[in-house]
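Trainee: I have a new model open and no idea where to start. Can you walk me through it?
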Amino acid sequence: MYFGIGTAQFDQNYGILKKNVKKKTYKSFFSKINKSERIKLIDTAPSYGNAEKQIGEVKNLKKKLSTKFLTFNTKVKKSNLYFVKKSIDLSLKKLKRKKIDYIMFHNENDFVNSDEKIINYLNLQKKKGKIKKIGISTYDVYKISYYLKKYNFDFFQIPINLFNLDNKKLKYLINYKKKYKIEFHIRSVFIQGLLFQKVHYLNNFKNLKKIILQLKKYEQKFKMDKYELAINAIFSLNLAKYIILGCSSIEDIEKINSLKKKKINFPFNKFYISNEREIDPRYWNL
């Protein structure tokens, strides 16, 4: 398991905490990433402000890159295939790369509305070496079985954290990983930073507030803080190829580099929150 750095915080405030990477720190930020042995991937998207262009300006960047397709615009009289082609070409141009390591559907509905022409085009780009691996970003992991019936995806980017995984879901993911030899790129480990907020900030997340308070027992048991606990619990599942973390400062990179990996048996079932509205950002309207 390696780490990926999310770039949604470039040139824009991201998430419920509205954090971003300051422009004046870009050079030192990427320099720190480039030197890291643990960080192997940079995850970006056309919708992440100026992120792709900023990444493309970095000289001798040694990391693998992951990006997304532009969202299909139904108001424009163009075929969906047009948006796929345009998206690949634009990303390659901005990133200053001849090939993309990972590219995925950012919007699940775009894939659902894809036809055979798009599938054939993607397969052709893989054959040419323009794209190495194709995936999809999904919120509902149980849709993986449906998506794999339509296309032989190489990887899935999914949200996994201390509060949205039970034994049933874990068994399902392990089964599909083995059966289809797919990669999982895991995001939303810290629930956009809510995990680290002071208790009074969580008044709109009653179940989450209550259950985060119960984490103290396990922080003491495993001799870890919340940051270490959240990552090591997922690391111990042997599920992810990459854990993608949002970073907004040099200090965030240093925390990844200094993290002590340790296998732990975290009781996910005990902390599972079934109410998706509390742990799925799509439902937040605060």
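Mentor: Start with one term: a contact means heavy atoms within 4.5 Å. Among contacts in the chain between residues at least 6 apart in sequence, 74% join residues at least 24 apart.

Trainee: Where does the model come from, and how do I read the numbering?

Mentor: This is a predicted model, where local features need pLDDT of at least 70, side-chain atom pairs count only at pLDDT 80 or more, and totals for chains, interfaces and linings use all residues. Residues are numbered from 1 along each chain as its sequence is written, and side-chain values use heavy atoms, with hydrogens and water left out.

Trainee: How many helices and strands does the chain have?

Mentor: There are 13 helices and eight strands. Both are DSSP runs, numbered from the N terminus: helices are H or I with at least four residues, strands are E with at least two.

Trainee: What radius of gyration does the chain have, and what would a compact globule have?

Mentor: The chain has 19 Å, which agrees with a compact globule, because 286 residues would give one a radius near 19 Å. The radius is taken over C-alpha atoms, and the globule rule is 2.2 Å times the number of residues to the power 0.38. Along its principal axes, the C-alpha trace spans about 55 × 45 × 35 Å.

Trainee: What share of the residues count as buried?

Mentor: Of the 286 residues, 51% do. Buried means under 20% relative accessible area, exposed means over 50%, and partly exposed is in between (1.4 Å probe, protein chains only).

Trainee: And how much area does the chain expose?

Mentor: About 15,000 Å², with carbon and sulfur atoms supplying 47% of it. Those areas come from the Shrake-Rupley method with a 1.4 Å probe; for residues, only the protein chains shown count as cover.

Trainee: Let's pick a helix. How many residues of α10 are buried?

Mentor: Eight of its 10 residues, so α10 is mostly covered under the cut-off of 20%. They are Y227, L229, A230, I231, N232, A233, I234 and F235.

Trainee: What covers them?

Mentor: The cover includes β1 (2–6), β7, α9 (216–222), β8 (242–246), α11 (250–258) and α12 (268–271).

Trainee: Tell me about N232. Buried or exposed?

Mentor: N232 counts as buried because its relative accessibility is 0%. Leaving out residues up to four places away in sequence, N232 touches M224, L259, K260, K261, K262 and I264. Take K261: it is 29 residues from N232 in sequence, but 6.2 Å away in space, C-alpha to C-alpha.

Trainee: Switching to strands. Where is I100?

Mentor: I100 is in strand β4 (residues 100–105). With 1% relative accessibility, I100 counts as buried. Its contacts beyond four places in sequence include L65, T67, I88 and K130.

Trainee: Which strand holds S66?

Mentor: S66 sits in β3 (residues 64–68). S66 is buried too, at 1% relative accessible area. Residues up to four places away aside, S66 touches L41, I42, D43, T44, Y102 and M104.

Trainee: And F155?

Mentor: F155 belongs to β6 (residues 155–159). At 0% relative accessibility, F155 is buried. Among the residues that F155 touches beyond four places in sequence are Y102, M104, I134, E183 and H185.

Trainee: So Y102 and M104 came up twice?

Mentor: Yes. S66 touches both, and F155 touches both.

Trainee: Any odd backbone angles?

Mentor: Most residues other than glycine have a negative phi. K96 has a positive phi, near 60°. I191 is not a glycine either, and its phi is about 50°.

Trainee: Where do they lie, and is each buried or exposed?

Mentor: K96 is in the loop between α3 (80–95) and β4. At 54% relative accessibility, K96 counts as exposed. I191 lies in the loop between β7 (183–187) and α8 (206–213). I191 counts as buried, at 2%.

Trainee: Last topic, pockets. What volume does the second largest pocket have?

Mentor: About 310 Å³. Of the 18 residues that line the second largest pocket, Y139, N164, K169, E276 and D280 are the closest to its centre. On a 1 Å grid over the protein atoms alone, a pocket is an open set of points where a 1.4 Å probe fits, with protein on both sides within 12 Å along at least five of seven lines; lining residues have an atom within 4 Å of a point. Grid points are joined across faces, edges and corners, and the volume is the space filled by probe spheres set on the points.
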